[in-house]
Amino acid sequence: MHIAIDGNEANVENRVGSNVYAFEMLLALHRLLEKHPSHSITILLSSPPIASLPPASPRYHYRVIKPAKLWTQFALPLYLFSHFWQFDVFYTPSHYAPRFSPIPYISTVLDLAFLEFPAQFLPHDLKQLTSWTRYSVRRARKIAVISRFTAQEVTKHYSLPPEKIIPAPPGFSSPPPPLPPTAQKDILAQLYINAPFFLYLGTIQPRKNLIRLIDAFTAFMTTKKSKSDFNLVIAGKIGWLANEVLDAVSCSPFRDQITLTDFVDEPTKYTLLTNCLANYNLGLYEGFGIPALEALSVGALPVVANNTSLPEVIGQAGLAVDPLQDDDIADSMHKVIRLSPTQKKSFAAKAAIQLKKFSYEQSAQAILDNLASLTRHA
């Protein structure tokens with residue numbers, strides 16, 4: 001079986017969210033080729049592959065297709081039609097499939113937040129997400145989803161039968177070895193971060209619910225009984241419609257205790273996770289919540305919204321709060337700082353169990369199996 005894959009979502013240096021998922025899926029599929037000698041993969045790209053992508057091999061190729069503009073609408077379909085005899089199936093780990101395809105394909109849906117919260121997206125992005133995802137889903141032979149919640153949403157919005165949906169959640173990627181304590185201290189010092197601190201990790205955008213996190217931190221600082229000076233770290237690149245969040249930081253009476261880092265690299269990310277009191281993920285709509293899984297992988301306590309996919313990510317290994325109630329979020333901060341060593345040990349044991357439920361290799365194998373079934377059907 002010769003598989004064509006859209007690798008553009010993974011072909012970026014600073015990966016977040018969907019980029020991480022696409023990259024890890026490519027790595028897992030690359031590894032699985034050793035178990036499937038009859039399979040080969042061609043990664044189709046709009047620009048040359050970056051160095052961190054899996055290395056090319058006789059059964060794992062890269063091919064750059066031009067022009068880059070409107071790639072899935074023009075360049076990719078044209079290429080597939082002119083080379084359709086080379087490929088049996090097509091897979092994309094992102095929302096967008098080729099506008100027209102002469103071969104069967106599996107597309108992916110990460111979340112449908114743009115349908116539930118359209119006001120939280122830029123008009124151009126909203127129009128593109130709505131239109132392009134619709135045709136990608138409707139013309140796909142099967143749809144990969146990253147959580148049970150997303151499967152329910154896809155069924156609800158696109159009326160798909162269950163047999164067309166493939167569970168393919170993100171996996172637990174082993175974190176890099178921890179840096180020496182002195183190196184970690186240097187990283188925190190360079191970012192002007194003082195411990196102890198609560199952490200948010202991800203892009204700054206409306207649906208991440210950061211204004212309520214900031215308001216809850218203000219309430220916590222106002223009512224805390226501890227003499228310690230606690231801090232809030234918001235680590236992530238500034239996304240769309242972020243001005244209200246930035247204004248909330250500027251206007252906070254505890255502005256000096258709030259740090260905005262912008263995008264952080266992998267060593268910095270895991271240093272923050274290792275040293276934080278808890279990692280907060282209070283998004284109003286999450287297809288999965290990779291930062292919560294990353295927190296579990298290093299023993300950080302995840303505090304998540306009790307909605308959408310987040311409870312299924314952390315199981316019993318963290319705290320769930322009402323993301324619409326500042327007081328509930330603030331109460332969780334009080335709980336976090338009062339955790340006993342026994343309670344922390346209990347959460348760590350539950351985290352180890354929870355992590356075993358998620359594997360990129362299992363998700364990649366599910367994709368391979370379903371691609372093979374499409375080939376047999378064709």
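## Overall dimensions

With 378 residues, a compact globule would be expected to have a radius of gyration near 21 Å, and the 22 Å of the protein chain agrees with this; the quantity is taken over C-alpha atoms, and the globule rule is 2.2 Å times the number of residues to the power 0.38. Along the principal axes, the C-alpha atoms fill a box of roughly 70 × 40 × 35 Å.

This is a predicted model, in which local features need pLDDT of at least 70 and side-chain atom pairs count only at pLDDT 80 or more, while totals for chains, interfaces and linings use all residues. Residues are numbered from 1 along each chain as its sequence is written, and side-chain values use heavy atoms, with hydrogens and water left out.

## The seven-stranded sheet

The protein chain has 14 helices and 13 strands, these being DSSP runs numbered from the N terminus (helices H or I, at least four residues; strands E, at least two). An open sheet of 7 strands follows the order S3-S2-S1-S4-S5-S6-S7 with parallel pairing, where two strands pair if DSSP finds at least two bridges between them. Its edge strands, each pairing on one side only, are S3 and strand S7 (165-167), and the twist averages 25° from one strand to the next.

Strand S6 (residues 142-145) pairs with S7 in the parallel sense over 3 bridges, and Ala144 has Ile166 in S7 as its bridge partner. Helix H4 (residues 123-139) packs on the sheet, touching strand S5 (105-109) and S6, and its direction makes about 135° with that of S5. Contact here means heavy atoms within 4.5 Å; axes are lines fitted to C-alpha atoms, for helices over the stretch in contact, and angles run from 0 to 180 degrees between N-to-C directions.

## The six-stranded sheet

A further open sheet is formed by 6 strands in the order S10-S9-S8-S11-S12-S13, again with parallel pairing. Strand S10 (258-262) and strand S13 (319-321) are the edge strands, each pairing on one side only, and the average twist from one strand to the next is 25°. Strand S8 (residues 197-201) and strand S11 (residues 278-281) pair in the parallel sense over 3 bridges, with Phe198 standing opposite Ala278 in S11.

Helix H7 (residues 210-223) packs on this sheet and touches S8, strand S9 (231-235), S10 and S11, its direction making about 165° with that of S9. Helix H10 (residues 290-297) lies across S8, S11 and strand S12 (302-305), running at about 165° to S11.

## Salt bridges and a surface patch

The count comes to 7 salt bridges, each defined as a side-chain nitrogen of Lys or Arg within 4 Å of a carboxyl oxygen of Asp or Glu. One of them joins Glu361 to Lys35, with the closest N and O atoms 2.9 Å apart. Glu361 lies in helix H14 (residues 360-377) and Lys35 in the loop between helix H1 (18-32) and strand S2 (40-45), so the pair ties together parts that are 326 residues apart in sequence.

## Backbone features

Most residues other than glycine have a negative phi, and most peptide bonds are trans. The peptide bond from Lys66 to Pro67 is cis, with omega near 0°, and Pro67 is found in the loop between S3 and H2. The bond from Ala195 to Pro196 is likewise cis, with omega near 0°, Pro196 being in the loop between helix H6 (181-190) and S8. Ser159, although not a glycine, has a positive phi of about 55° and lies in the loop between helix H5 (148-158) and S7.
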